[in-house]
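Have a look at the model below and keep it open while you read. The notes stick to two helices, one pocket and a handful of single residues.

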Amino acid sequence: MIVAVVGDSGAGKTTALRNLNPKTTLIIDSDKKGLSWKDWKKSFNAEKKNYLKTDFPQAALQTLTAVNLNENYKHVKTVVVDTVNGLMVADEMRRMKDKGYDKWADLAASVYELIDYALTVREDLNVIFVFHAQVERDESGYSFTRIKTNGKKLDKIVLESKFPVVLLAKQLDGKYVFETHANNSTAKSPIGMFEEDVIENDLQKVLEALAGF
């Protein structure tokens with residue numbers, strides 16, 4: 001199953017990875033900023049082949065494809081892309097001198113292809129995509145939080161529609177939490193997966209909840 005984690009900078013998106021099993025998890029760090037807890041390098045690093053820094057969407061897709069199809073990666077049960085926005089921004093910057101429609105079409109296609117492929121991977125592999133959030137406000141003051149994208153092409157796709165689970169990361173009463181259902185946002189989850197609208201910011205517990213679906 002694929003999961004989207006959406007939130008502002010500092011909302012605890014990367015922190016939510018802290019309890020994932022390094023023996024069965026591969027993290028693609030497209031922001032190239034490292035992880036957000038003490039001594040993380042002891043568990044996730046290039047030598048263990050469970051941590052990769054790249055902001056090329058094609059490299060992320062190649063890695064996910066290898067994990068899905070290569071027998072050497074059958075032990076991997078979770079792939080994390082943190083963040084998809086890191087891929088989008090880097091791809092846009094590399095195409096900065098390109099002109100015309102094709103630039104935005106290619107940008108949208110590279111992200112769409114990655115997410116769409118994740119929907120086809122083996123049943124025992126979960127893929128977690130981490131996104132920055134964008135807040136829309138109308139003239140009446142109503143606000144709505146959704147996935148932040150680069151370009152109108154990706155907005156038209158409505159990336160949330162590809163995900164059965166969208167979790168909104170935020171701080172509430174000084175604690176990092178996930179919202180599991182829409183509350184002026186695109187957060188959602190299948191009926192019965194989570195009993196509460198607000199849960200602990202812990203993706204390992206989220207994966208345990210996914211196991212029954």
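What follows walks through those helices, then the pocket, then the residues.

This is a predicted model, so to speak of local features pLDDT has to be at least 70, side-chain atom pairs count only at pLDDT 80 or more, and totals for chains, interfaces and linings use all residues. Numbering starts from 1 along each chain as its sequence is written, and side-chain values use heavy atoms, with hydrogens and water left out.

**Two helices**

Helices (H or I, at least four residues) and strands (E, at least two) are DSSP runs, numbered from the N terminus. Helix α1 covers residues 57-69, which is 13 residues, and reaches 18 Å from its first C-alpha to its last, close to the 18 Å expected at 1.5 Å a residue. That expected span is 1.5 Å times one less than the number of residues.

Which residues of α1 are buried? They are P57, A60, L61, T63, L64, V67 and N68. They sit on the same side of α1 because they cover an arc of only 160° around the axis. Here buried means under 20% relative accessible area, exposed over 50%, and partly exposed in between (1.4 Å probe, protein chains only); the arc is that of the directions from the helix axis to the C-beta atoms. Q62 and L69, on the other side of α1, are exposed.

Helix α5 (residues 203-210) has L203, V206, L207 and L210 buried. Their arc is only 100° around the axis, which puts them on the same side of α5. The buried residues of α5 pack against several strands, including β1 (2-7), β5 (126-137) and β7 (165-172); contact means heavy atoms within 4.5 Å. At the N-terminal end, D202 caps α5, with a side-chain oxygen 3.0 Å from the backbone nitrogen of Q204.

**The largest pocket**

The largest pocket has a volume of about 210 Å³. Of its 15 lining residues, D8, V135, T145, L168 and K170 are the closest to its centre. Strands β5, β6 (143-147) and β7 each supply at least two residues of the lining. For the record, a pocket is an open set of points on a 1 Å grid over the protein atoms alone, where a 1.4 Å probe fits, with protein on both sides within 12 Å along at least five of seven lines; lining residues have an atom within 4 Å of a point. Points are joined across faces, edges and corners, and the volume is the space filled by probe spheres set on them.

**Four single residues**

| Residue | Relative accessibility | Status |
|---|---|---|
| T83 | 1% | buried |
| T54 | 9% | buried |
| T120 | 53% | exposed |
| V3 | 1% | buried |

T83 is in the loop between β4 and α2 (84-94). Not counting residues up to four places away in sequence, T83 touches S30, D31, V130 and H132.

T54 belongs to the loop between β3 (51-53) and α1. A polar atom of the T54 side chain is 3.3 Å from the backbone nitrogen of F56.

T120 is in the loop between α3 (101-118) and β5. A polar atom of the T120 side chain lies 2.7 Å from the backbone oxygen of Y117.

V3 lies in strand β1. The C-alpha atoms of V3 and V165 are 5.1 Å apart, although 162 residues separate them along the chain. Leaving aside neighbours within four places in sequence, the contacts of V3 include V127, F163, V165 and L210.

Notes:
A polar contact is a pair of N or O atoms within 3.5 Å; within protein, one must be able to donate a hydrogen and the other to accept it, and residues adjacent in sequence count only if both atoms are side-chain atoms.
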